[in-house]
Every structure is written in structure tokens, then in C-alpha cells.
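Student: I should like to learn how to read a protein assembly bound to DNA. Where does one begin?

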There are 2 protein chains.
Amino acid sequence: MTRACQAKISDIATQISCLQCSINTICFPSGLDLDIRDELYNILNHPPPLERGDLLFRTGATMKGIYAVRSGAIKTYITDENGQEQVTGYYLPGELLGLGAIHNGRHFQNAEALESSYLCMIPVNDINRLSKSHPQIQEQLIHLLSKQLQNHHKMVWHLGLKNATSRVAALLLNCSERCHARGFSASEIKLNLSRQDIASHLGLAVETVSRIFGQLKKENVITFKGRQIDILDFDTLNQHVGTKMATTEKIPRI
Amino acid sequence: MTRACQAKISDIATQISCLQCSINTICFPSGLDLDIRDELYNILNHPPPLERGDLLFRTGATMKGIYAVRSGAIKTYITDENGQEQVTGYYLPGELLGLGAIHNGRHFQNAEALESSYLCMIPVNDINRLSKSHPQIQEQLIHLLSKQLQNHHKMVWHLGLKNATSRVAALLLNCSERCHARGFSASEIKLNLSRQDIASHLGLAVETVSRIFGQLKKENVITFKGRQIDILDFDTLNQHVGTKMATTEKIPRI
DNA sequence: CGCATCCTTGACGAAGGTCAACATTCGTGG
DNA sequence: CCACGAATGTTGACCTTCGTCAAGGATGCG
């Protein structure tokens with residue numbers, strides 16, 4: 001499954017700068033002394049580029065540091081005792097992965113590149129060392145962890161939806177929202193998960209996913225060619241999920 | 001829905017001491033000066049006890065602090081535009097809730113007591129103030145956030161299982177594991193979610209949950225009376241989920 | 001060009017949702 | 001303490017949705 005990690009990163013369309021990267025508040029927190037910013041920049045580690053199918057880490061592996069996707073895409077999955085994969089998440093440029101391993105130093109799932117991918121990594125030792133002298137770094141980390149936790153709450157919500165179309169709609173909107181948050185198009189998304197990956201993530205059969213995609217296309221809700229998806233009708237997708245996604249900013253009702 | 005928050009906490013069986021509480025590493029980190037421990041103890045806030053049905057916080061509400069369940073049980077849920085509840089999680093004694101709101105100061109979901117419940121609360125301002133002088137507090141918070149993130153990865157995995165029995169089995173094992181981690185019995189669990197709550201959480205119909213419970217009882221995998229459940233056969237439940245749950249400590253494969 | 005992988009489509013059957021009736025539990029007030 | 005009603009849980013019959021199996025296309029890579 002794993003191949004040599006020698007990649008030609010051809011697809012720079014999905015590459016982002018540190019400005020859009022969600023890790024940049026760690027790398028370059030505002031208000032820090034210049035020497036610390038330099039130091040942070042120096043410890044920022046660039047692992048070898050990954051090609052499609054390369055593993056970034058495995059279940060049980062020792063955590064080396066926090067990864068940020070710079071370009072490409074990563075999926076995480078669990079493998080059960082029969083060798084069946086179950087996709088638990090996907091990570092787009094600017095997003096962090098591996099945070100769940102901080103507390104015990106071991107990864108809980110496998111992480112695999114969906115396409116040629118560049119990553120940044122902050123070694124865990126350096127974080128610990130630097131954060132002793134600079135509490136701001138920890139503050140930022142808490143912020144990021146909390147945000148990711150909230151994203152997972154959303155995911156739990158979406159996976160609890162009762163029918164297949166709703167779950168697919170939720171996935172599409174979630175992907176759209178995350179792309180948009182990173183400065184990409186909200187409507188033209190490239191979700192590099194295979195139909196099998198999507199099915200596995202949502203607890204569906206591949207054929208069901210394929211049929212739902214076909215159905216949504218027929219109803220002019222989306223168009224797609226392979227894994228390039230264009231959302232035409234956000235309202236209909238939102239109706240399937242049952243509520244607007246932008247609940248984060250909802251006005252308190254009392 | 002909400003009633004007056006005047007509770008007689010009669011069920012002290014599920015009450016735990018600070019020793020088993022997952023917040024205690026924040027409240028009383030080892031190696032801290034005595035005066036700081038005193039200060040931490042003083043800022044620890046005890047909100048009025050909740051009765052079944054009382055809301056702890058609502059979607060969109062300003063986050064006041066981090067809550068820890070001391071006794072009782074709390075569920076979190078999202079309400080869609082049709083007023084339909086969808087349960088996104090439940091919290092047992094010793095567990096924290098509200099961590100997902102740290103990054104933006106607003107709660108994303110509703111939290112409601114499933115039974116008479118005591119909580120502890122650390123006001124967010126005090127955490128911020130104290131952690132400036134005591135980085136250990138932040139370290140602990142990062143640890144706890146990471147752990148909860150990993151729990152959510154598990155939940156995403158469980159909700160992606162393809163059939164109803166697997167998802168119910170995963171819920172039971174998850175509850176059992178969490179009870180056990182707090183020093184309660186792993187086999188005799190009191191899951192105070194209604195069948196409707198369980199169904200909503202797992203994306204099933206109430207009747208399906210009821211039938212699966214009945215089926216598992218007939219197969220001598222569990223027994224139950226109302227919401228008091230005894231697990232008789234962990235192996236069968238694990239087989240339904242497809243893998244051992246105790247993957248956290250799994251040996252790395254390379 | 002040819003093979004492998006991924007995706008789509010159809011036919012069929014099984015799993016689970018819906019509707020309805022009934023049972024049980026729990027809280028309330030007499 | 002009992003009686004009543006509301007809320008919760010269970011069971012059965014039926015029907016929809018989704019999974020399975022099988023075949024055929026599309027796409028990409030060597």
C-alpha cells in the first residue's frame with residue numbers, strides 16, 4: 001500500500017500560504033517577539049511529500065508532532081480485524097491533524113494521502129519546550145483544539161442523520177464550508193475521497209452513494225465529473241440536512 | 001421544558017469524588033504550590049443542581065466556563081428548524097462538557113440534564129487569568145481537549161458503522177468503557193438516555209432500538225430493566241463493532 | 001492499446017422505517 | 001396508598017430505503 005515518498009507536487013492549485021493556514025496562529029502568533037517567531041519558523045518541519053496512498057502515520061504509532069496540510073488532502077481511517085477500512089475524517093489544506101494523539105502520544109487511526117500532498121509539522125517536543133516560556137503558544141493550541149472539537153460535534157450530528165441523502169448532503173456542505181473558510185470556492189469543490197471512502201465514512205454502500213450523486217445531479221442540485229463537484233443549489237442541500245449549517249453564530253434564544 | 005432548578009439530589013450512587021473526576025487535574029494539578037491549589041479550589045463554581053429536563057446551556061449561549069459532571073448525566077443535542085432534536089452526545093460523572101465552545105465563546109448545542117445532576121464549573125475568565133501565571137493549567141487543558149477529541153474520533157467511527165445492531169453495540173461498549181474508567185462497573189450500566197434519545201443519537205427509529213435491545217436480550221448478550229442495562233457478553237458486542245474497543249493502547253505495527 | 005481501478009446502473013432481497021395498537025412506568029393528586 | 005393520565009417502551013404488519021450481486025462503462029496509468 002505504501003510507496004516511496006518521492007513526490008512531484010504538480011497540483012499547486014490547492015496549495016495555500018501560511019496566511020490561510022490554521023496552524024499559522026501557532027507558527028506566527030501576533031505580538032510575539034521577533035526572535036521567537038524566528039525560532040518557531042525554524043522548528044517548523046517539512047516531512048517528505050506524500051503521494052496518493054502514502055501513509056503519514058499508523059494506528060498505534062508514536063506521535064511525532066502536529067501536522068498541517070499545506071497542499072493535497074489526507075484521510076484518516078480505522079482498520080478493523082477483518083482488514084475493513086472505515087474512514088473517520090478527511091483533511092484539506094490549512095487543516096490540522098493528529099491533535100487527538102497529544103494526550104497519550106499515540107495515534108488512534110491511520111492517516112493516508114488522497115493525492116500528492118505537502119505537509120508542515122511542528123515536533124511535539126519543541127512545542128512543549130517553547131510553550132513553557134511562551135504561554136501564548138499554548139493558548140493558540142487550546143483554541144485550535146476547541147475548534148476541532150466543535151467540528152467533530154458537527155460531524156457526529158451529520159452522521160446521526162437518518163437517511164442516506166441527508167448524510168451525503170451534510171458531507172458536501174461540510175466540505176464546501178471548509179473549502180470556503182480557506183479561501184477556496186464554496187461551490188466548486190474537489191473532494192478527493194473515492195466513492196468507496198465516502199460510503200465508508202457515512203456508513204453506506206458504494207452503490208448508494210453513487211445513486212444519490214446521480215439523483216442530486218438529475219435534480220440539478222449538484223453537477224460533477226469524477227471527484228470534481230459543483231454545488232448548484234445550497235438551499236436544497238440545507239433542507240436535506242434539516243437546518244442551516246451556520247449555527248455557530250446563531251443568536252441565543254434566551 | 002425547563003423547570004425550577006431546585007433539586008434534591010437523592011441518587012448519590014452515581015456521585016463521584018474529585019479523585020475520579022477528569023477535571024481534577026485542572027482543579028488540583030500535582031506539584032502546584034499550596035496557595036494556588038487553594039485559589040483553584042476557591043474559583044471552582046457550583047451551579048444550582050439540575051433536575052431532569054433542565055437546560056445547562058443553549059445553542060448560541062455565551063460560554064461561562066467549563067463544566068464537569070459531578071453526579072447525574074447530561075445530554076447534548078442540536079435542534080433543527082422543525083424542532084426535531086438530534087442527540088450529539090452524553091456526559092457521565094467525571095466528564096467535561098462545553099470544551100468545544102472555548103474557541104469562540106459560544107455554545108454550539110444545547111445541554112440538558114437527563115436526571116438530577118450536580119455540576120462543577122470553572123469560569124473561563126479565571127482559567128485565563130490563572131493560566132497566565134501557571135502554564136501547567138494550560139497543559140492540563142490541552143491534555144483534556146486532546147482526549148476528548150480522540151473520544152469523538154471513536155464516536156465518528158461508531159456512527160459510521162453500517163448496521164443498526166453494530167451502532168447500538170458500539171454505544172453500549174462506549175458507555176461501559178467510560179463508566180469503567182470512572183471506577184463504576186463496566187457491566188452494569190445505567191444509561192439514562194431514553195430510547196428516543198438513543199435512536200436520535202444513532203440515526204435510527206425508536207422502534208428499531210427497542211427491537212435490537214429485545215434481540216440482544218433474547219441472545220443473552222445483555223439484560224435490562226428500563227434504562228438499567230447489564231452486559232453479559234462483551235465478546236459478542238465487540239464482534240458487532242468489528243474490532244476490540246481497547247485500541248488506544250494498541251501496539252504499533254511498525 | 002490494454003489492464004486495473006473506479007464508477008454507474010439494474011434487479012432483487014433484506015434491513016430498517018412507519019403506522020398503529022398495546023404495555024409499562026412514572027409522576028401527580030386525591 | 002391508590003387511581004389516573006401522560007410519557008415511555010414494546011410488538012406486529014406493512015412498505016420504503018438501502019444493501020447485495022452482477023454486469024457494463026468510464027477513467028487513468030503503464
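Tutor: We shall take the conventions, then the protein interface, and then the DNA strands. This is a predicted model, in which local features need pLDDT of at least 70 and side-chain atom pairs count only at pLDDT 80 or more, whereas totals for chains, interfaces and linings use all residues. Residues are numbered from 1 along each chain as its sequence is written, chains are lettered from A and ligands numbered from 1 in the order in which they are written, and side-chain values use heavy atoms, with hydrogens and water left out.

Student: How many residues does each chain bring to the contact between chain B and chain A?

Tutor: Contact means heavy atoms within 4.5 Å. Chain B contributes 58 residues and chain A contributes 58 residues.

Student: What area do chain B and chain A bury between them?

Tutor: The size of an interface is often given as the accessible area lost when the parts come together. Buried area is computed with a 1.4 Å probe as the accessible area that two parts lose on being put together, summed over both. Here about 5,700 Å² is buried, 60% of it on carbon and sulfur atoms. On the side of chain B, the residues that lose the most area to chain A are H103(B), F108(B) and H153(B), together 13% of what that side buries.

Student: Which polar and charged pairs join chain B and chain A?

Tutor: A salt bridge is a side-chain nitrogen of Lys or Arg within 4 Å of a carboxyl oxygen of Asp or Glu. The count between the two chains is 2 salt bridges. One of them pairs K132(B) with E139(A), with the closest N and O atoms 3.7 Å apart. A polar contact is a pair of N or O atoms within 3.5 Å; within protein, one must be able to donate a hydrogen and the other to accept it, and residues adjacent in sequence count only if both atoms are side-chain atoms. By this rule, 18 residue pairs are in polar contact across the interface, both residues at pLDDT 80 or more. The largest share of the side of chain B that touches chain A comes from α4(B), with 19 residues. Helices (H or I, at least four residues) and strands (E, at least two) are DSSP runs, numbered from the N terminus.

Student: What turn lays chain B on chain A?

Tutor: Copies are superposed by least squares on the C-alpha atoms of residues with pLDDT of at least 70 in both. A turn of 180 degrees, with a shift of 0.1 Å along the axis, lays chain B on chain A with an RMSD of 0.0 Å. That is the relation of a two-fold axis. The same surface serves both copies, since 100% of the contact residues of chain B recur in chain A.

Student: Which residues come nearest to DNA strand D?

Tutor: A residue is near a strand if one of its heavy atoms lies within 4 Å of it. Of the 18 residues around DNA strand D, A164(A), T208(A), R211(A), R195(B) and S210(B) come nearest. Sugar and phosphate account for 62% of the strand's atoms that come within 4 Å of the protein. A polar side-chain atom of R211(A) lies 2.8 Å from a base oxygen of DNA strand D, and one of R211(B) lies 3.0 Å from a base nitrogen of that strand.

Student: How many residues surround DNA strand C?

Tutor: There are 17, and the closest are R195(A), S210(A), A164(B), T208(B) and R211(B). A polar side-chain atom of T208(B) lies 2.2 Å from a phosphate oxygen of DNA strand C. R211(A) has a polar side-chain atom 3.0 Å from a base nitrogen of DNA strand C.
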